[in-house]
Amino acid sequence: MNKLPTNPAVLLLADGTVFHGLAAGAIGTTTGEIAFNTGMTGYQEIFTDPSYYGQILVMAASHIGNYGTHDAEIESESVKISGLVVKKFSENFSRVGSTESLQSYFERDGKVAIRDVDTRAIIRHIRNKGAMNAIISSEETDIEKLKKILAEVPSMDGLELSSRVSCKEAYDVGNPDADFRVAVVDYGAKKNIVRCLVERDCLCRVFPMDATVAEMEAWNPDGYMLSNGPGDPSVMKDSIKLVDEIVEIGKPVFGICLGHQLLALRAGLKTVKMFNGHRGINHPVKNNITGKCEITSQNHGFVVDMESAQGNDEIEVTHTHLNDGTLAGIRYKNHPVFSVQYHPESSPGPHDSRYLFDTFVGNMKEVKASVTN
Ligand SMILES: NC(=O)CC[C@H](N)C(=O)O
């Protein structure tokens, strides 16, 4: 049994809608863009995913915290969402191997949550009205005061956030004698991207996002991984330039989510803010090359504009989201470079798209063989 705070808490949306509930996690006030995730499992991985930095998350699953937390199920070292909205925040948790309750996990990271609110009504509201900023408070319930704080919160549109979550120093993960060396550019990388590479005999060196190509090339990588990350990719001018230099080296490149958006921007495509974004673990995507469908894990609020891809002679569209026809993957025609908008590393989510890591390793093998022959 883990005692939850019983303070009243309030959720105020930028359009003035108010929801009253009770506090969970740390007592305090937090702001961010409100978004919802429809995944029924994997809350700890979601909360620690750095791509969620700056966002208040509403969980569609009605019981959160009921299987506790586990040291091994993190996607980064701390909770990255700025706040949490749930129906039932479980005071009891039960699972073999779980090490801590979600309540103490949130308290430790100083994260504010609101519980006992009608999450179905909140999600329907955001689904109809689109993405907007919000504030949660369990210390101040005066709506007029909260409105003033909320008015100061910047819009996610045009916001660069990767520099808040990228590592400060490069570090290695994997076997030093591995067959391949992968330079991971860290825009807020999920740990499972690195794990998926290490499992495929890659030594990864994770570089801060402001590392130079010269610094990364000095390590002699066989390929580059451009990671996921938070914020609006279109304002990341230095990163787009770095990605251009990486592509020009000619080594295999694999981009995931934000990394994908940067590769698209580098080829002259456009990114746009979505009305609601895609956040869940059951999104169907069609692989246009094989004709097969894969069920994917997704978390993005921006997307590469499909129209801007038409007639572009540098890339081709390889994947399409089957729910709304948005662009889900590209490959470069004249470079061993490809990327997807969704999360092949999943965590949480289905493993249908893990083949993309094999494709990347296959590309590194091919390029390496052609250089040594
Ligand atoms: N998971 C990600 O990398 C998200 C990319 C970007 N911040 C978006 O919301 O679209």
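In this tour, Ala, Val, Leu, Ile, Met, Phe, Trp, Tyr, Cys and Pro count as nonpolar, Asp, Glu, Lys and Arg as charged, and the others, Gly among them, as polar. The model on display is predicted.

**First stop: the ligand**

Select the ligand together with the residues around it: Ser51, Asn228, Gly229, Pro230, Gly231, Cys257, Leu258, Asn299, His300, Gly301 and Phe302. Colour this shell by class, and four nonpolar and seven polar residues appear, with no charged residue. Which strand gives the most to the shell? Select residues 293-304 to find strand S16, which supplies four residues.

**Second stop: helix H6**

Proceed to residues 191-198, which form helix H6. Six of its eight residues are buried, so the helix is largely enclosed by the rest of the structure. To display the buried positions, choose Lys191, Asn192, Ile193, Val194, Cys196 and Leu197. Next, add what covers them: among the elements are strands S10 (171-173), S11 (180-186), S12 (202-208), S13 (223-226) and S14 (253-256), as well as helix H11 (355-372).

**Third stop: helices H8 and H9**

Two packed helices are described by the angle between their axes and the distance between the axes. Select helix H8 (residues 237-249) and helix H9 (residues 258-266), whose axes come within 9 Å and cross at roughly 80°. H8 and H9 are therefore roughly perpendicular to each other. To view their contact, show Ser239, Ile240, Val243, Asp244 and Val247 in H8, which meet Leu262, Leu263, Leu265 and Arg266 in H9. By class, the residues of this contact comprise six nonpolar, one polar and two charged.

Notes: Residues numbered from 1 in each chain as written. Predicted model: local features only at pLDDT ≥ 70, side-chain atom pairs only at ≥ 80, totals over all residues. Buried ≥ 20, exposed ≤ 12 C-beta atoms within 10 Å, placed from the backbone. Helix = DSSP H or I, 4+ residues; strand = E, 2+ residues; numbered from the N terminus. Contact = placed C-beta atoms within 7 Å. Near = placed C-beta within 6 Å. Axes fitted to C-alpha atoms, helices over the stretch in contact; angles between N-to-C directions. Parallel < 35°, antiparallel > 145°, perpendicular 65-115°, else oblique.
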